[in-house]
Amino acid sequence: SRVTDVPPPFDKGYFVGPVIFLDPPDAAAIVREEVFGPIMCVQGFDSEEEAVARANGTEFGLAAAVFSGSVQRAHRVVAQLDAGTCWVNEYNLAPPGSPFGGRKMSGFGKECGPEALQHYSQLKSVY
């Protein structure tokens, strides 16, 4: 199902309202691909193993978030996720000097932080 509402005056265009997809199938493009926009897919799961397998079962890995009442459980799950940036009980918060970048087909290298400088330099060994 789809939940959306665009308030006036944004309903005339030039605005994409937030959309929440509830229980989309794993094969859906909105689940398997990186969609840049105010879109969220919410899927249920029966075990941590299932959740981790589904989260990692895509060729992309830009970012992930785990929300849980148990911080220990959330960190245990995050440690298994193949994503470049992960949040626990938050989303899209990062200190300015914190490196940001994806894994797999979600790009290469990092933005921000000292790790970003490696993208602009080349190592040469001279003996």
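**Exercise 1. A charged cluster on helix H2**

Is Glu-50 buried, partly exposed or exposed? Using the predicted model, classify this residue and then describe the salt bridges in which Glu-50 and Arg-54 take part.

*Solution.* Begin with accessibility: Glu-50 has a relative accessibility of 27% and therefore counts as partly exposed, since the partly exposed class lies between the buried limit of under 20% and the exposed limit of over 50%. Arg-54 is likewise given 27% relative accessibility, so that Arg-54 too counts as partly exposed. Next, consider the geometry of the pair: Arg-54 and Glu-50 form a salt bridge in which the closest N and O atoms are 3.0 Å apart. Because the two residues are four positions apart in helix H2, they are separated by about one helical turn. Finally, the pair has a further partner, for Asp-26 is linked with Glu-50 and Arg-54 in a network of salt bridges.

**Exercise 2. Salt bridges between helices**

Which residues form salt bridges with Glu-48? Locate each partner and state how accessible the residues are.

*Solution.* The count of salt bridges in the model comes to five, and two of the pairs to examine here involve Glu-48. In one pair, Glu-48 is bridged to Arg-73, with the closest N and O atoms 2.7 Å apart. This pair links distant parts of the chain, with Glu-48 in helix H2 (residues 48–56) and Arg-73 in helix H3, 25 residues apart. In another pair, the side chains of Glu-48 and Arg-76 meet at 2.5 Å, N to O. Here too distant parts of the chain are linked, Glu-48 being in helix H2 and Arg-76 in helix H3, with their positions 28 residues apart. For the accessibility step, Glu-48 has a relative accessible area of 15% and is therefore buried, the limit for that class being under 20%. Arg-73 is partly exposed at 35%, and Arg-76 is also partly exposed, at 44%.

**Exercise 3. The nonpolar core and strand E5**

Which elements give two or more residues to the largest nonpolar core? Work from the list of members to the contacts of Val-66 and the two faces of strand E5.

*Solution.* The largest nonpolar core has eight residues, namely Val-52, Ala-64, Val-66, Ala-74, Val-77, Val-78, Leu-81 and Ala-83. Strand E5 (63–66) and helix H3 (71–78) are the elements that give two or more residues to this core, and the largest share, three residues, comes from H3. Taking Val-66 as one member and leaving out residues up to four places away in sequence, one finds that Val-66 touches Ala-74, Val-77, Val-78, Leu-81, Trp-87, Val-88 and Asn-89. In a regular strand the side chains alternate between the two faces of the sheet. In E5, Ala-64 and Val-66 make up the covered face, whereas Ala-63 and Ala-65 make up the uncovered one.

**Exercise 4. Strand E6 and the loop that follows**

In what sense do E5 and strand E6 pair, and over how many bridges? Then describe the surroundings of Thr-85 and Gly-97.

*Solution.* E5 and strand E6 (residues 85–88) pair in the parallel sense over four bridges, with Ala-65 standing opposite Trp-87 in E6. Thr-85 is found in this strand, E6, and is buried, with a relative accessible area of 11%. When its neighbours within four places in sequence are left aside, Thr-85 is in contact with Leu-62, Ala-63, Ala-64, Pro-99, Phe-100 and Gly-101. Gly-97 lies in the loop between E6 and strand E7 (103–104), where its 47% relative accessibility makes it partly exposed. Not counting residues up to four places away, Gly-97 touches Cys-112, Gly-113 and Pro-114. For Gly-97 and Pro-114, which are 17 residues apart along the chain, the C-alpha atoms are separated by 7.8 Å.

**Exercise 5. A nonpolar patch on the surface**

Which residues make the nonpolar surface patch of about 300 Å²? Assign the patch to strands and classify Leu-22.

*Solution.* The patch is made by Ile-20, Leu-22, Met-40 and Val-42. Strand E2 (19–22) and strand E3 (39–42) each supply at least two residues of the patch, and Leu-22 lies in strand E2. With a relative accessible area of 37%, Leu-22 is partly exposed, and this value satisfies the patch requirement of over 30%.

Definitions and conventions: Residues numbered from 1 in each chain as written. Predicted model: local features only at pLDDT ≥ 70, side-chain atom pairs only at ≥ 80, totals over all residues. Heavy atoms only, no water. Patch = residues over 30% accessible without salt bridge, like charges linked within 9 Å, V, L, I, M, F, W, Y side chains within 5 Å. Areas by Shrake-Rupley, 256 points an atom, 1.4 Å probe, with all protein chains shown as cover. Salt bridge = Lys/Arg side-chain N within 4 Å of Asp/Glu carboxyl O. Buried < 20%, exposed > 50% of the residue type's maximum accessible area, 1.4 Å probe, protein only. Core = buried A, V, L, I, M, F, W, Y, C linked by side-chain atoms within 4.5 Å. Contact = heavy atoms within 4.5 Å. Pairing = 2+ DSSP bridges.
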